[in-house]
Each structure stands twice: as structure tokens, then as C-alpha cells.
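Hi there,

Here is the structure I promised to pass on to you. My notes on what turned up follow right below it.

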Amino acid sequence: MCYNNSGFGGEVLFRLPGNGKGTQLMRRKITAVLLSLLLCLSLAGCADRQESGEWKKRQASFLNLFDTVTIVVGYAPDEEAFEQEVQVIHDLLQEYHELYDIYNDYPDLNNIKTINDNAGIAPVEVDRRILDLLLFARQAYEISGGMVNVAMGSVLEIWHQYREAGIEDPENAQLPPQQALQEAAKHTDIEQMVIDEQAGTVYLADPQMRLDVGAIAKGYAVQQVTAELLEQGISRYLISVGGNVSAIGPKGEAGEPWAVGIQSPYDPDSYDYTVQIASGCVVTSGNYQRSYTVDGQSYHHIIDPETLYPAAHFDSVSVICGDSGLADALSTALYVMPYEEGKALVESLEDVQALWIVDEETTLFSSGFEQLLR
Ligand code: ADP
Ligand code: MG
């Protein structure tokens with residue numbers, strides 16, 4: 001774990017493994033993301049500067065979780081207490097990171113990658129937390145009318161390969177062949193994900209199907225970790241895992257809300273809106289988060305299951321609600337859906353608000369969103 005608890009405005013300390021070109025790109029990207037997130041949270045926290053007694057505001061960041069930047073901001077009486085609690089937060093998140101990883105194996109652990117590796121071969125016995133994530137994934141599929149489909153891994157894998165190659169070698173960046181996408185799309189039937197709760201197993205009945213839980217896993221993990229921390233009596237923290245921001249209790253003892261900045265899609269160093277939350281979360285999906293350029297056109301990472309191409313309605317969508325898993329699923333769903341459909345979905349749900357940044361001139365809000373703006 002690498003963390004910085006020097007407070008806002010302090011030097012940001014972090015370490016990245018490797019020296020290759022890809023790593024340098026990754027380093028630049030992560031630096032930009034980290035700086036913008038820090039700015040976002042610190043600007044949003046301008047009014048939070050006052051210290052309540054000994055309880056000073058502190059912060060830490062990690063780069064080893066969920067292929068993104070995690071930032072923890074919190075109040076603790078002293079550095080030691082802060083470090084201990086940050087360690088608990090980190091370790092809990094790391095467990096979920098390993099369980100929900102689709103790219104890496106871990107010793108003595110069956111994770112989502114193990115399920116993928118066994119597609120068409122055998123059911124895989126998994127931890128309860130994987131069963132619960134995949135049961136939630138089914139709900140996300142239902143709620144979103146199929147727009148969020150974790151069984152789309154075969155299609156997403158192709159985009160992932162072309163995006164990584166295009167970032168590595170921008171001069172030769174290419175789009176995936178349409179035929180390859182269409183062929184892969186034949187293996188995205190979520191019904192082929194067989195969950196046996198009794199046996200504790202998951203089986204992909206279609207040998208060419210792959211799971212990609214990127215649209216829901218961070219938010220779902222953050223939700224579970226939030227609940228576990230509160231149960232352990234750890235509170236007064238705001239955590240952001242790659243833009244999945246969740247309040248672990250309110251900011252102050254008297255229930256004061258946190259101020260959370262929503263990053264501008266057009267400038268990583270500024271934020272467009274600030275919302276106040278005493279509990280719950282703010283989750284954003286945007287076209288600026290992971291993208292590459294082909295012939296001057298940018299292609300990002302949220303794929304419309306109908307066109308098999310990046311969704312093009314908005315530059316970002318943010319969702320605020322009490323459950324970070326639901327917020328993550330919804331932010332991806334709303335990003336893919338046309339506004340009218342997405343708005344109707346949001347208005348049909350209780351305690352869910354959303355903000356759609358259409359372009360530099362136009363932002364749309366759900367009916368209760370403006371009350372949350374600071
Ligand atoms: P981020 O992960 O950048 O915070 P999202 O929560 O919107 O953003 O999730 C995007 C990720 O979800 C992609 O990187 C990909 O792994 C996966 N994904 C993209 N499109 C879809 C989709 N339509 N359904 C399910 N998963 C998707
Ligand atoms: Mg999401």
C-alpha cells in the first residue's frame with residue numbers, strides 16, 4: 001500500500017511498478033487522474049478546512065486496486081489512528097479487488113477470471129461475495145433493460161485489446177473489425193451464466209462467453225466495504241475508488257455533509273458541480289475515463305450492447321443514491337440510454353438522482369438533483 005497523509009496541498013506520494021512505455025503512459029494517465037481527483041476532493045473540501053478539536057482531516061491514496069486510483073479522505077484524532085483505519089479500508093477493498101479481478105490469478109483463490117477460464121468446462125466454486133455480485137449483476141441487467149450486461153466480456157475484451165494497443169502505439173491505432181464484434185456478440189447471453197447458490201458455484205455454459213464486471217464491481221465492492229466499516233465503528237471517511245465516491249458516515253460528529261465535486265469531462269483539473277452528501281454515494285461514468293483515438297476520433301470504454309460501439313449520447317453521467325452498487329450500475333446504464341429513457345428510469349426509482357452532462361453547453365438534471373447542489 002502506498003499512501004499520503006500529508007493533508008491537502010501536501011506532496012502526493014505514490015509508487016508505480018515497472019519502467020516500460022506502457023507503464024509511462026499508465027503513470028501519466030494515473031498522475032492526471034490522481035491530480036484531478038485530489039483537486040476535486042480538495043476543492044470540494046475547501047469549506048471543510050476547519051478542524052474539530054484534535055480531529056484533523058487527513059488523506060491517503062492507493063494505486064493497486066481495481067486498476068484505478070483510490071483516495072481516502074477522513075477525520076481521525078491522530079496519524080496513527082488514521083493509518084490503522086486506512087489499512088483496514090485498504091485491506092477490505094483489496095479482498096474485493098482480488099475476488100472481482102478478471103485479469104489476474106491469485107494463489108488459492110477462485111475469482112471472476114477463474115470462472116472465465118472455466119467457461120464451457122466446469123462450474124467453479126466461489127466465495128459468497130462473488131455469488132452476491134453476480135446475482136446483483138442479473139438485477140442490473142433487468143433494471144437497465146439489458147444495457148448493463150456483465151456477460152458482454154467477449155465484446156469488451158476486443159475493445160480492451162484495441163484500446164490498449166492504440167494507447168501504446170497511437171500512430172497505428174485501429175478500430176476493432178465489425179465482424180469480430182458481431183461474432184463475439186453471439187456469446188453474450190446472460191442466461192448462460194449459471195449460478196448455483198446451493199452448491200456455491202458459477203458456470204458459464206457458453207464456452208466463448210466471458211464475464212466483465214467493470215461496470216458494477218467497484219461500486220458494489222465500495223458498498224459492501226462501507227457497510228463493513230460502519231459495522232466496525234469506522235466512520236467520518238469519504239472514499240473514492242475511480243470515481244465511485246462513498247461517504248462512510250457524515251463528515252462531522254453533528255452529521256455535517258461532505259462536499260463532493262463532479263469532475264468536468266473537459267478539464268481534468270476542474271469540477272463542474274459540487275453536491276452535498278451526509279451518507280450514500282456519488283458515482284460517475286464518463287467518456288474521458290478510458291479512451292483512445294483513431295483517425296482523430298476518440299473511442300471510450302462504455303459500449304452500447306445494441307451498436308457494439310461506444311455510447312455517444314453524453315460526455316458524463318453521475319448518479320447519487322444510497323447504494324453505491326446500484327449507483328455504479330445506473331451510471332453505466334444511463335450513460336448508454338437516451339436521456340428520455342434514462343430520466344424515466346431514474347424518476348421511477350426512489351432516492352435516486354442523476355446529472356447528465358450532454359456537452360459543454362448542456363447539463364440535464366433529474367427532478368430532485370438541484371437540491372443536492374451546493
Ligand atoms: P468506470 O469503470 O470507468 O468507472 P463504468 O462503471 O461505466 O465506468 O464501467 C465501464 C466498464 O464496464 C468498462 O470498462 C467495461 O469493462 C464495462 N462495460 C462497458 N460497457 C458495458 C456494458 N454495456 N455493460 C456492462 N459492462 C460494460
Ligand atoms: Mg458503472
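The magnesium ion (ligand 2) has as its protein donors Ala215 (O), Asp328 (O), Asp328 (OD) and Thr332 (OG1), at 2.0 to 2.4 Å. Donors here are N, O and S atoms within 2.8 Å of the metal (3.2 Å for Na, K and Ca), and since water is not among the atoms, sites may look incomplete. Along the chain these donors follow the spacing A-x112-D-x3-T. The pair Ala215 and Thr332 links distant parts of the chain, 117 residues apart: Ala215 sits in the loop between strand S5 (201-204) and helix H7 (217-231), Thr332 in helix H8 (residues 324-336). Helices (H or I, at least four residues) and strands (E, at least two) are DSSP runs, numbered from the N terminus.

Ala215 is partly exposed, because its relative accessibility is 22%, while Thr332, at 10%, is buried. Buried means under 20% relative accessible area, exposed over 50%, and partly exposed in between (1.4 Å probe, protein chains only).

Now to strand S2 (residues 68-76): nine of its nine residues are buried, so S2 is largely enclosed by the rest of the structure. S2 runs antiparallel to strand S1 (residues 56-65), with eight bridges, and to strand S6 (residues 237-241), with five; strands pair if DSSP finds at least two bridges between them. Lys57 has Tyr75 of S2 as its bridge partner, and Val73 has Leu238 of S6.

Please note that this is a predicted model: local features need pLDDT of at least 70, side-chain atom pairs count only at pLDDT 80 or more, and totals for chains, interfaces and linings use all residues. Residues are numbered from 1 along each chain as its sequence is written, chains are lettered from A and ligands numbered from 1 in the order in which they are written, and side-chain values use heavy atoms, leaving out hydrogens and water.

Best wishes
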